[in-house]
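Let's take a walk through this structure together. Have the sequence and the 3D view at hand, and turn the view around as you read.

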Amino acid sequence: MRTDVDLRHHGDAEVGPGLVDLAVNVRPGTPPPWLAALLRDSVGDLAAYPDASRAREAVARRHGRAGDEVLLTAGAAEAFVLLARVLTPRRAVVVHPQFTEPESALRGAGHEVERVVLDGDFRLGPVPEDADLVMVGNPTNPTSVLHPAEAVAALARPGRVLVVDEAFMDCVPGETESLAGRRLPGVVVVRSLTKTWGLAGLRAGYVLGEPWLLERLAEAQPLWSVSTPALVAAEACVSPRALAEADAWARELAVDRERLATALRGLGLRVVPEARASFLCVHVPDGLAVRETLRSRGYAVRRGDTFPGLGPDWLRVAVRDEATNTAFVSELTRALRPA
Ligand SMILES: Cc1ncc(COP(=O)(O)O)c(C=O)c1O
């Protein structure tokens, strides 16, 4: 599968020993101790094959859906692969810039993919009317833009599957623009537990959608694909206590993100406005060189040139605590200064 950019490049390839990680958007300090303890306890049940029923019911309750509208997956990444294997689109459209695995999964399954590339402030625009598969992220990686729920829902059509990647929706206090709890024909919502709960290595996520489609995804899914610890995590992370913790973090994140965005704009840089996720997308002239300089000074930021619709002058920067953000801005200020 060859395309103009390396769709398989992700932030994890940019971090390394001794580097402050601003390239991967996982909440620092996670998994929290209560969740780590549950995962350790789940080791006692590893002799049995996994049973997803409790986790499925818990996720369904959390979103006000029925059990047959939920499929647990080994992360959002598995969901994209299952969708690509099961669907047979005549015209598949991926709205970019966005996380590249949906396109990669479609191409890997042999589908042609058309890109709709947003520009300006990366607000959602129209897609071809006859597209029978549309994939969009909300809030979007890497732009951090949160599209209004109504604008996303307006892309649904009879005969079309609309896949909304909400991997970062729990960065939004109250999840105001989520479609997870809405029963809309043809709309599939993909969620991840990786980011907020620090479970990238566990592989836990889920799909919400119509039973007929989820049944087909389940048939395509390898048996026991989601491990017992991942199911334990899924059940725990949709509990009222976990949701309250995530929401409190989302509110703190909003303050740190706004401060960081203001500091970056103070350096004369263009920051994509209305950011709502745990990172900022920043236009930095000569971005790839600046990224190298930052690396040499101990900071890993995510390159933008592997995202269709961005390019070498874009960087994605994870929002951390105030001290880390401030130290980063100082280094960036030095890196931008002409020699
Ligand atoms: C927007 C987006 N969706 C999905 C994923 C994959 O999530 P998971 O770890 O659940 O497979 C990522 C990971 O970077 C992402 O950025």
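Start with the charged side chains: the structure holds 26 salt bridges. Keep in mind that this is a predicted model, so every distance below is computed from predicted atoms. A few of these salt bridges make good landmarks.

Take Arg-65 and Glu-69 to begin with. Their side chains meet in a salt bridge, with 3.4 Å from N to O. Are these two residues buried or exposed? Arg-65 has a relative accessible area of 10%, and because anything under 20% counts as buried, Arg-65 is buried. Glu-69 is buried too, at 4% relative accessibility.

Now look at Arg-91, which forms a salt bridge with Asp-130; the closest N and O atoms are 2.4 Å apart. Where do these two sit along the chain? Arg-91 is in the loop between helix H3 (75-86) and strand E3 (92-96), while Asp-130 is in the loop between strand E4 (113-117) and strand E5 (133-137), so the salt bridge ties together parts of the chain that are 39 residues apart in sequence. As for their surroundings, Arg-91 is partly exposed at 26% relative accessibility, and Asp-130 is partly exposed as well, with a relative accessible area of 47%.

A pair within one helix comes next. Arg-259 forms a salt bridge with Asp-256, and here the closest N and O atoms are 3.5 Å apart. Both residues belong to helix H9, and because they are 3 residues apart there, about one helical turn separates them. What about their cover? Arg-259 is partly exposed, with a relative accessible area of 41%, whereas Asp-256 is buried at 18%.

Salt bridges can also join up into a network. Here, Asp-4, Glu-103, Arg-107 and Arg-115 are linked in that way.

Let's step back and take in the whole chain. It has 11 helices and 12 strands. The C-alpha atoms fill a box of roughly 60 × 50 × 35 Å, taken along the principal axes. How does the radius of gyration fit with a compact globule? For 339 residues, such a globule would have a radius of gyration near 20 Å, and the chain has 20 Å, which agrees. Of the 339 residues, 55% count as buried. The chain exposes about 14,200 Å², with carbon and sulfur atoms supplying 53% of that area. There is also a sequence side to the picture: among contacts between residues at least 6 apart in sequence, 74% join residues at least 24 apart.

Next, find the open sheet of 5 strands, which has the order E1-E11-E12-E10-E9 and mixed pairing. Its edge strands are E1 (20-22) and E9 (270-271), each of which pairs on one side only. In general, strands of a sheet pair through backbone hydrogen bonds, either parallel or antiparallel.

You can cross part of this sheet strand by strand, beginning at E9. E9 and E10 pair in the antiparallel sense over 2 bridges, and the bridge partner of Arg-270 in E10 is His-283. E10 in turn is joined to E12 by 5 bridges, and these two strands run antiparallel. His-283 turns up again here, standing opposite Trp-314 in E12. E10 is mostly covered, with 4 of its 5 residues buried. Carrying on, strand E11 (residues 299-303) and strand E12 (residues 314-318) pair in the antiparallel sense over 2 bridges, and Arg-303 stands opposite Leu-315 in E12.

Which helices pack on the sheet? Helix H9 (residues 240-266) does, touching E9, E10 (279-283) and E12, and its direction makes about 10° with that of E10. Helix H11 (residues 322-336) packs on the sheet as well, touching E1, E11 and E12; its direction makes about 80° with that of E11.

Finish with a single residue, Thr-194, which lies in helix H6 (residues 194-197). Thr-194 is buried, with a relative accessible area of 7%. What is Thr-194 in contact with, leaving aside its neighbours within four places in sequence? The residues in question are Val-26, Leu-199, Ala-200, Arg-203 and Ala-204.

Methods: Residues are numbered from 1 along each chain as its sequence is written. This is a predicted model: local features need pLDDT of at least 70, side-chain atom pairs count only at pLDDT 80 or more; totals for chains, interfaces and linings use all residues. Side-chain values use heavy atoms; hydrogens and water are left out. Two strands pair if DSSP finds at least two bridges between them. Contact means heavy atoms within 4.5 Å. Axes are lines fitted to C-alpha atoms, for helices over the stretch in contact, and angles run from 0 to 180 degrees between N-to-C directions. The radius of gyration is taken over C-alpha atoms; the globule rule is 2.2 Å times the number of residues to the power 0.38. Buried means under 20% relative accessible area, exposed over 50%, partly exposed in between (1.4 Å probe, protein chains only). Accessible areas come from the Shrake-Rupley method with a 1.4 Å probe; for residues, only the protein chains shown count as cover. A salt bridge is a side-chain nitrogen of Lys or Arg within 4 Å of a carboxyl oxygen of Asp or Glu.
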